[in-house]
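This report covers helix packing, strand pairing, the nonpolar core and charged side-chain pairs in a single chain. The sequence and coordinates come first.

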Amino acid sequence: MGRMDHDPSSRVSFGCPDELLEMLDEIADREDKNRSEKLRELVANEVEARGDLTEPQPMLPDDERLADAYRLLHKRASAPHKTKRRVRLEAAKNKLYDNTTPKSAVLDEIIKPLESEGYISVEPGNQSVWVFVQPMRYTDGEDIVEPGEKAVA
């Protein structure tokens, strides 16, 4: 029987595919934990990873790889052109490729999806093709707020 080192008054019940539960149980066994202990650990890690939810959170693509790419492009495109942040397409490709996405696939697998979701736009210039990066938008969980603006409850 597992330890009762948590608040037993809160219970959660949900459906889950048998194969997934079997894999979770195997992982928990390897770590000398029971299913409940492992689930509490996973929930705690997820809550910690999300940070302070009272602060506005950036609106990012659902796909983690695209979210990481948008963050990187937003950071890289720090010098605004007129009123738009931009980075050369070739520089963007150089920053975004890795072992899972070769440079030749960056355009189709990262840049075009970000463009179709409205996070960036790709436009030709006089001598270069530019990736214009949209400003980071934030939400307080319900409404969109401007960066630096506090969410009011």
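In helix 5 of this predicted model, the buried residues are Ala 105, Val 106, Ile 110, Ile 111 and Leu 114. They pack against helix 3, helix 4 and strand 4. Helix 5 has 14 residues and spans 19 Å from its first C-alpha to its last, close to the 20 Å expected at 1.5 Å a residue. Just after helix 5, Gly 118 adopts a positive phi of about 85 degrees.

Confidence varies along the chain. Helix 5 has the highest mean pLDDT among the elements, 95, and strand 2 (residues 80–81) the lowest, 60. For the chain, the mean pLDDT is 83, with 78% of residues at 70 or more. Where pLDDT is low, the predicted coordinates should not be read in detail.

Helix 4 also has a buried set: Leu 89, Ala 91, Ala 92, Lys 93 and Leu 96. The buried residues of helix 4 pack against helix 3, strand 3, helix 5 and strand 5.

The largest nonpolar core holds 21 residues, of which Leu 73, Leu 114, Ile 120 and Val 131 touch the most other members. Two or more core residues come from each of helix 3 (64–76), helix 4 (89–96), helix 5 (103–116) and strand 5 (129–133). Helix 3 supplies the largest share, five residues.

Strand 5 is mostly covered, with four of its five residues buried. On strand 5, Val 131 stands opposite Val 122. Leaving aside neighbours within four places in sequence, Val 131 contacts Leu 73, Arg 85, Arg 86, Val 87, Leu 89, Ala 92, Ile 120, Ser 121 and Val 122.

Strand 5 pairs with two strands in the account that follows. Strand 3 (residues 84–88) runs antiparallel to strand 5 and is joined to it by four bridges; within this pairing, Arg 85 has Val 133 as its bridge partner. Strand 4 (residues 120–124) is antiparallel to strand 5 over five bridges, and these two strands form a hairpin with four residues between them.

Turning to charge, side chains of opposite charge can pair when their charged atoms come close. The model has twelve salt bridges, including the three in the table.

| Salt bridge | N to O distance |
|---|---|
| Lys 38 – Glu 41 | 2.7 Å |
| Glu 64 – Arg 71 | 3.8 Å |
| Glu 123 – Lys 84 | 3.9 Å |

Lys 38 and Glu 41 are separated by about one helical turn, because they lie three residues apart in helix 2 (residues 35–50). Lys 38 counts as buried at 6% relative accessibility, and Glu 41 as partly exposed at 24%. Lys 38 and Glu 41 also belong to a salt-bridge network with Glu 31 and Lys 33.

In the second pair, Glu 64 counts as partly exposed at 49% relative accessibility, and Arg 71 is partly exposed with a relative accessible area of 36%.

The side chains of Glu 123 and Lys 84 meet in the third salt bridge of the table. This pair links distant parts of the chain, with Glu 123 in strand 4 and Lys 84 in strand 3, 39 residues apart. Both partners are partly exposed: Glu 123 has 28% relative accessibility, and Lys 84 has a relative accessible area of 41%.

Methods. Residues numbered from 1 in each chain as written. Predicted model: local features only at pLDDT ≥ 70, side-chain atom pairs only at ≥ 80, totals over all residues. Heavy atoms only, no water. Core = buried A, V, L, I, M, F, W, Y, C linked by side-chain atoms within 4.5 Å. Buried < 20%, exposed > 50% of the residue type's maximum accessible area, 1.4 Å probe, protein only. Contact = heavy atoms within 4.5 Å. Pairing = 2+ DSSP bridges. Expected span 1.5 Å × (residues − 1). pLDDT = per-residue confidence, 0-100. Salt bridge = Lys/Arg side-chain N within 4 Å of Asp/Glu carboxyl O.
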